[in-house]
Amino acid sequence: MAEEGQVIGVHTVESWTEQLNKGNESKKLIVVDFTASWCGPCRFIAPILAEIAKKKPEVIFLKVDVDELKTVAEEWSVEAMPTFLFLKEGKLVDKVVGAKKEELQLKIEKHASDATVTAA
């Protein structure tokens, strides 16, 4: 299983459910990268997300291939790649559609700091 400071690849619905439950129990922010192997912008943003993950161990970062887990992508109404969903306690709190580095970083900062404040 993956550790803090990494982007965790989720390859089964069971693993997806397990990761969501972990996030709910810990009340940590979960950032989900919905990606696809054929998506150029996804490949561009992946190393950037990995760098952010190293600096944000208090956030759970997940990566879901939409072709591998179609049901999960459909459940969350993901229509474009990459789509980043921000989840807290099972609820969608924000999203970024597209490989927008600055917007992604700002929203991670915003929601990660919200999580820290409420946990204190």
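Strands here are DSSP runs of at least two residues, numbered from the N terminus, and two of them count as paired if DSSP finds at least two bridges between them. With that in hand, a good place to start in this predicted model is Phe86, which stands opposite Asp94 in β5. The two strands around that spot, β4 and β5, run antiparallel and are joined by six bridges.

Zooming out, the sheet is an open one of five strands, laid out in the order β1-β3-β2-β4-β5 with mixed pairing. At its edges sit β1 and β5 (91-97), each of which pairs on one side only. Ignoring direction, neighbouring strands of the sheet are turned by 25° against each other on average.

Then come the helices. α1 lies across β1, β2, β3 and β4, and runs at about 160° to β3. Helix α2, covering residues 40-55, also lies across β1, β2, β3 and β4, again at about 160° to β3.

As for what fills the inside, nonpolar side chains tend to be buried together in soluble globular proteins. In this model, the largest nonpolar core has 21 residues, and the members touching the most others are Trp16, Val32, Phe34, Leu62, Trp76 and Leu87. At least two core residues come from each of β1 (7-10), α1 (13-26), β2 (29-35), β3 (59-65), α3 (70-75) and β4 (83-88). Take Trp16: leaving aside residues up to four places away in sequence, it touches Val10, Val32, Phe34, Leu62, Val64, Val72, Trp76 and Leu87. There is also a second, separate core, made up of 15 residues, with Leu29, Ile48, Leu49 and Ile52 among them.

Methods: Residues numbered from 1 in each chain as written. Predicted model: local features only at pLDDT ≥ 70, side-chain atom pairs only at ≥ 80, totals over all residues. Heavy atoms only, no water. Core = buried A, V, L, I, M, F, W, Y, C linked by side-chain atoms within 4.5 Å. Buried < 20%, exposed > 50% of the residue type's maximum accessible area, 1.4 Å probe, protein only. Helix = DSSP H or I, 4+ residues; strand = E, 2+ residues; numbered from the N terminus. Contact = heavy atoms within 4.5 Å. Axes fitted to C-alpha atoms, helices over the stretch in contact; angles between N-to-C directions.
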